Amino acid sequence: MNLKEAFRFQNKLQSMMTDAQSILGNNGNITKVQNTYLRHKVMAEVEDEVTMEAPSTEYSENITEMAEFLLFLLDEREKLSAAIHKAKVSLPLGAGLDGEVSLNGKRQEIATLLRHMAGLRNGEVLISNGGVGYRFNNEGNQVSYRCDVKRVTTINFDRNKIRKMCANLSKKSDETSATLDAALVNTPVEYEAPFDVNETFAEAFEAHMSALS
């Protein structure tokens with residue numbers, strides 16, 4: 001498989017591990033509850049009634065096997081992580097795969113900021129009754145009054161330089177994205193998946209149980 005497929009299968013393993021942990025972490029799944037209604041104490045002619053609470057999961061009879069399956073998934077996760085790491089180290093990327101992905105995300109973030117700056121325009125707007133002042137009237141009392149406000153906005157940077165920065169950064173980001181995409185597809189990972197990535201949790205668990213028997 002290649003790196004892209006390896007990352008997808010890594011996510012699959014994590015999802016299945018989460019499902020297995022959820023099953024094992026619920027006491028209703030890993031215990032049996034028996035209720036005995038002591039009716040004979042109340043009425044001598046009536047026998048006690050014993051009932052079992054319904055299990056919370058379809059896997060209630062295979063809890064030990066579920067724990068084994070969880071450890072199996074963890075072991076596969078460990079093998080795959082080691083294989084992915086080995087594949088990443090072989091890549092001719094200055095900051096490594098993870099580093100380049102992080103850096104390129106930051107490039108895209110900054111390019112968006114610069115694009116916003118480059119899109120700003122000088123402007124002037126008249127805000128009707130936007131200002132408040134105070135004066136003394138003919139009786140000598142202080143009163144408030146309102147007046148219009150002319151607001152002038154002027155960019156405080158070199159737009160041409162900002163545009164050039166944005167263009168250069170966007171170009172480098174696009175080139176890096178293409179390089180990373182190619183690396184994901186063309187870099188082999190030495191790992192053999194124990195089941196198909198499209199299998200459901202139930203299918204993978206049943207296959208594992210069959211392999212053990």
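The exercises below work through one helix, one buried asparagine, one hairpin and the cysteines of this structure.

The model is predicted, so local features are taken only at pLDDT of at least 70 and side-chain atom pairs only at pLDDT 80 or more, while totals for chains, interfaces and linings use all residues. Residues are numbered from 1 along each chain as its sequence is written, and side-chain values use heavy atoms, with hydrogens and water left out.

**Exercise 1.** Compare the expected span of helix α1 with the distance between its end C-alpha atoms, and work out where its buried residues lie around the axis.

*Solution.* Helices are DSSP runs of H or I with at least four residues, and strands are runs of E with at least two, numbered from the N terminus. Helix α1 covers residues 3-24, and at 1.5 Å a residue its 22 residues should span 32 Å, where the expected span is 1.5 Å times one less than the number of residues; the end C-alpha atoms are 31 Å apart, which agrees. Next, buried means under 20% relative accessible area, exposed over 50%, and partly exposed in between (1.4 Å probe, protein chains only). The buried residues of α1 are L3, A6, F9, Q10, L13, M16, M17, A20, I23 and L24. Seen down the axis, these fall within an arc of 150°, so they line one face of the helix, the arc being that of the directions from the helix axis to the C-beta atoms. The face turned away from this buried side carries the exposed residues K4, N11 and S22.

**Exercise 2.** Describe the surroundings of N29 in helix α2, starting from its accessibility.

*Solution.* N29 has a relative accessible area of 6% and is therefore buried. Its side chain reaches the backbone oxygen of I23 at 3.0 Å. Leaving aside neighbours within four places in sequence, N29 is in contact (heavy atoms within 4.5 Å) with S22, I23, S56, T57, S60 and I63.

**Exercise 3.** Establish how strands β3 and β4 are joined, and what lies between them.

*Solution.* Two strands pair if DSSP finds at least two bridges between them. Eleven bridges join β3 (residues 123-136) to β4 (residues 142-153), and the two run antiparallel. V132 stands opposite R146 in β4. The strands form a hairpin with five residues between them, and G140 in the turn has a positive phi of about 85°.

**Exercise 4.** How many disulfides are found, and are C147 and C166 buried or partly exposed?

*Solution.* With a disulfide taken as a pair of cysteine sulfur atoms within 2.5 Å, a search of the whole structure finds zero. C147, at 33% relative accessible area, is partly exposed, whereas C166, at 8%, counts as buried.

Definitions and conventions: A polar contact is a pair of N or O atoms within 3.5 Å; within protein, one must be able to donate a hydrogen and the other to accept it, and residues adjacent in sequence count only if both atoms are side-chain atoms.
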